[in-house]
Structure formats: structure tokens, C-alpha cells
Amino acid sequence: MDFKKKLLITAMASSLLVGCAVPGSHLNLDNKNVIEPEQTDTNNESNIDDRVNVYPLTTQLVGQFKTPKAASRTNPSLDAQLARYQYRVGLVIS
């Protein structure tokens, strides 16, 4: 019984590991716009420098990508308007 469990677990694990080789796990390209790579140069290494920009990843550069934290500020104009505001309750008879 112990051997059968090990065999079953091994079979299940190996079937999960080959998920990309299972039939039906491919991308269907029917009615899709497929752009083929250019085949103008047989030596792609000389051509890659013209197509790729490489930027160093430094802590300063990563810091530029962060959005600044929102901080509350006082609004003196609004504070003055609130101080002048008068709220009256009642009827106005003219």
C-alpha cells in the first residue's frame, strides 16, 4: 500500500510539472495579428545595440518612481472665510 501511494504521488507531481506539454495548452493564433521579427541581419548581436536602451537601476532612480506622500496643509483663506461666516436660525421678516 505504501508503494502505491508513492507511485500515485510521483505520477501526480510529474503530470503537474509538465503542464506546458499537455495538449491544448497552446495559444491559438487564428484571426490574430502576428508580427514576425525582422530577418534583415543574420548577426543579431550587432543589431541589438540599435534597438535596446539600457538604464542602470540605482536606489536614486527607484526613489524617483515613488509618488510623494500627501500631506495636509492649512488654508488661511478658508480659515478667514469660516471666521467671518454667520449662521442665523429663524424667520426673516421684512
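How many helices and how many strands does the secondary structure of the protein come to? I counted 4 helices and 0 strands. Reading along the sequence, I noted the pattern α-α-α-α. I keep in mind that this is a predicted model.

**Confidence**

I looked up the pLDDT next. The protein averages 76, and 68% of the residues score at least 70. By element, I found the lowest confidence in α2, with a mean of 64. The highest is in helix α4, residues 76-84, at 94.

**Burial and surface**

I then checked how much of the chain is covered. Of the 94 residues, 0% count as buried. For the exposed area of the protein I have about 10500 Å². Carbon and sulfur atoms supply 58% of that area.

**Salt bridge**

How many salt bridges does the structure hold? I found 1. The side chains that meet in the salt bridge are those of K6 and D2, at 3.9 Å from N to O. I note that the cut-off is 4 Å, so the pair at 3.9 Å counts as a salt bridge. Both partners belong to helix α1, which covers residues 2-17. Why are K6 and D2 separated by about one helical turn? They are 4 residues apart in that helix, so about one turn lies between them. I also looked up their accessibility: K6 and D2 are both exposed.

**Nonpolar patch**

Which residues make the nonpolar surface patch? I listed L57, V62 and F65, with a patch area of about 340 Å². I followed up on L57 and placed it in the loop between α2 (44-51) and α3 (59-65). Is L57 buried or exposed? L57 has 69% relative accessibility, and therefore I enter it as exposed. The cut-off for that class is over 50%.

**Entry to keep**

I close with two items for reference. The K6 and D2 salt bridge lies within α1, and the patch of L57, V62 and F65 is nonpolar.

Technical notes: Residues numbered from 1 in each chain as written. Predicted model: local features only at pLDDT ≥ 70, side-chain atom pairs only at ≥ 80, totals over all residues. Heavy atoms only, no water. Helix = DSSP H or I, 4+ residues; strand = E, 2+ residues; numbered from the N terminus. Buried < 20%, exposed > 50% of the residue type's maximum accessible area, 1.4 Å probe, protein only. Patch = residues over 30% accessible without salt bridge, like charges linked within 9 Å, V, L, I, M, F, W, Y side chains within 5 Å. Areas by Shrake-Rupley, 256 points an atom, 1.4 Å probe, with all protein chains shown as cover. pLDDT = per-residue confidence, 0-100.
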